[in-house]
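Hi everyone, thanks for making the time. I'd like to walk you through a structure with two chains in view, so let me put it up on the screen.

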Amino acid sequence: MRFYEFESKRLFGKYGIPLPKGSKVAATPAEAKVVAAEINGPVVLKSQVLSGGRMKAGGVLFADNPDQAAEAAKKILALEINGHKPRGVLVEARAPIAQEYYVGVTWDGVARMPVMIFSDMGGIDIEEVAEKHPGHISKRHFSTLMPFSDFMAKELVAGVGLSGDHLNRLSRLAASLARIFQAHGLTLAEINPLARLDDGTFFCLDGHVDMEDDARDTQKGILKDLGIDPEEKRQARPPTSFEIKGAQVDAADPRGVAGNVVEFDGDLGLVIGAGGGSLTLFDAIRKHGGKPANYCEIGGNPSVSKTCELTKLILSKPGVKKIAVMMNVVSNTRVDIVARGVIKGVIESGQKPSEKIAIFRIPGSWEQEGFKILEHYGVEYCDRTVSMFEAAGRAVAKMKA
Amino acid sequence: MSILITKDTTFIIQGITGREAVNMSRECLDYGSKIVGGVTPGRGGRDVYGIPVYDTVRQITAKTHVDGAVVAVPPAFTRDAVFEALEGGVKLIVIVTERIPRYEVAQMVELAKMRGARIIGPNCLGILSPGEAKMGGLGGRAVDAKKAFSKGYVGVMSRSGGMTTEMCNTLTAAGIGQSTAVSIGGDAIIGSTYADLMPLFEADQETKAIVIYCEPGGRMEAELAKYVVEQKSRLPIIAFMAGRFMDEMPGMRFGHAGTIVEGKADTTAEKIARLEAAGISIAERIEDIPGLVKKRLGMDGK
């Protein structure tokens, strides 16, 4: 889950990382005016959205006095960036910058260790620096078993050839960032740019934090401190009401999974699984020219009621003509239970299973029992001799007929 | 032969009295696996289908040799269970539990490395060596596993547990058996990647080709491509890439926890290009896999 800039900065601030003067988020132009008056000098106002390209879109503006700040805040608060409405506007003091740096901590999935990354060329895309100026970038992995020790950050910063007071100050900041990463289940903690002012002090000008979803249970305290709702998901785009209902179906019953519902604008509803099978089947539908109405994942032997509710939700979506029920060969999900759930869902939606279910392709455990049920209701099904790709093709063909 | 497990491999199941673990015990026993004990703290003295239950791992290792452990405890207790097995001298650990925080997984992997042990998973279905044994839920009930898996010469590795069975079933239907199938897990940080397991398949004389299932996200496929080129692997590899639609939707999460397109290198298009550059064949559809295996081994009569 990505943090807003102001949340990232609040987190960094708790660990003593210096922030620009003022640094408060305002919800209205009047609030922005008050913050600007407190700062009593030139300010920068930044839209709080979970989307890149803020500067280009006009989400970052400057002001020299409180009235200008109110005006700028009004513009920013009304501006949607890539479909995201701003959560507020961050108002901060503006100061002349001598140099920009980059410091970040993330996971190295190959080394399976956290890695710190530092560069004395901040403010730009770090991957670009790595490609074009490899001498200006330094990396250091650190152990997850050994307590973090400051020398690790010192080695990182020294890696680009820095020394003197700058080395000491920057090492302290990098060490704090590594400890934040470690303590809060983060997948990314980044300060870019990290600015040095003319007086030799350093500030976090912009910060990014990503927290792993699976760590959120153990991070309730800090999330509360930062004012983040424990239920907030923050995908790349805000969830639709269809997706929210999908999540409710999954949460209502602990038996198995019928979730990760994502809305698309096609006419073929999908009840598919599991993780890898869903990806494979979604590709297959599209390859055949089909138009999925949704993505989802069922698995882990979901109960009859869970599959039933998911089916009803998908059928209730405007424009859905038929559904395709497909999975890879299943081991722990029972074919008969999925069959019962789907048929029940179709009937409870006031529809005929034989008409609404374009194809049922779930081979595997308890398949004979499942196939009997499907036969009884006249639903077209296939066993493992029909590939996932072919089954998807049959479903798409029925939509065109 | 096979890799990682044979019919003589002895293992324990941690969290054996949980509902899913009880089913898994039955499946593994029926398939011929040698389960020498189970661990559930506070349940010592009971048994699950004749498998004695103990309170600690050491109570079992003190009595008998234990090659491996399947860890099927809830996420909050997984790290502790894995540490217990590692410190008890167990060298092969299959973690089936999902939703373990990444930091904890990294800690387990780091300790395993220090102890000279191997972790498979987390968030995986385990290992199956056809005709030998299965360690984990892969393939389900023995009767179902026997339908989908057959003994042979293809090594299988997959980031998806379900797709492991689907691919093996397709190979079996085409008369191509498997040496060992490994469900390596769907998380961003896992104990054993494709490249980690390749040397084992290389060393296994029975294995003649490799089939893998790939997804968007992470650098595992790039790591494999690098391995294949640098080590001049003798094994032809056939890869199936799922989730191609995700290339158009960066930042959205589908499938497993490890599948999220964050940068250019995470896309399926980029992965396919890297794999192909390393001489790995890409199967457009699952049903194309058997033909590609035969073609790469010169068994297609051409």
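Let me start with one definition, since I'll lean on it in a moment: the radius of gyration here is taken over C-alpha atoms, and the globule rule is 2.2 Å times the number of residues to the power 0.38. Please also keep in mind that this is a predicted model.

So, chain B. What does the rule give for its 302 residues? A compact globule of that length would have a radius of gyration near 19 Å, and chain B has 19 Å, so the two agree. If you prefer a box, the C-alpha atoms of chain B fill roughly 60 × 40 × 30 Å along the principal axes. Inside that box, chain B has ten helices and 14 strands. Of its 302 residues, 58% count as buried. For those of you who think in contact maps: among the contacts in chain B with a separation of 6 or more, 73% are between residues 24 or more positions apart.

Now over to chain A. Its domain assignment gives domain 1 (22-93), domain 2 (97-225) and domain 3 (241-400). The C-alpha centres of domain 2 and domain 3 of chain A are 44 Å apart.

Let me zoom in on a sheet in chain A. Four strands make an open, antiparallel sheet in the order 1-4-2-3. Strand 1 (24-26) and strand 3 (60-63) of chain A are at the edges with a single partner strand each, so one side of each has no neighbour in the sheet. From one strand to the next, the twist averages 30 degrees. Strand 2 (residues 43-47) and strand 4 (residues 89-93) of chain A pair over five bridges, in the antiparallel sense. As a landmark, look for A:V43, which stands opposite A:A93 in strand 4 of chain A. And what lies across strands 1, 2, 3 and 4 of chain A? That is helix 2 (residues 29-39) of chain A, running at about 10 degrees to strand 4 of chain A.

Finally, the two chains together. Here 49 residues of chain B are in contact with 41 residues of chain A. On the chain B side, the elements that give two or more residues are helix 4 (102-114), helix 5 (142-148), helix 6 (161-173) and helix 8 (220-231). Helix 4 of chain B gives the most, with seven residues. By type, the residues on this side of chain B split into 20 nonpolar, 15 polar and 14 charged.

That's my tour, and I'm happy to take questions!

Key. Residues numbered from 1 in each chain as written. Chains lettered and ligands numbered in written order. Predicted model: local features only at pLDDT ≥ 70, side-chain atom pairs only at ≥ 80, totals over all residues. Pairing = 2+ DSSP bridges. Axes fitted to C-alpha atoms, helices over the stretch in contact; angles between N-to-C directions. Contact = placed C-beta atoms within 7 Å. Buried ≥ 20, exposed ≤ 12 C-beta atoms within 10 Å, placed from the backbone. Domains from an automatic or database assignment. Nonpolar A, V, L, I, M, F, W, Y, C, P; charged D, E, K, R; others polar.
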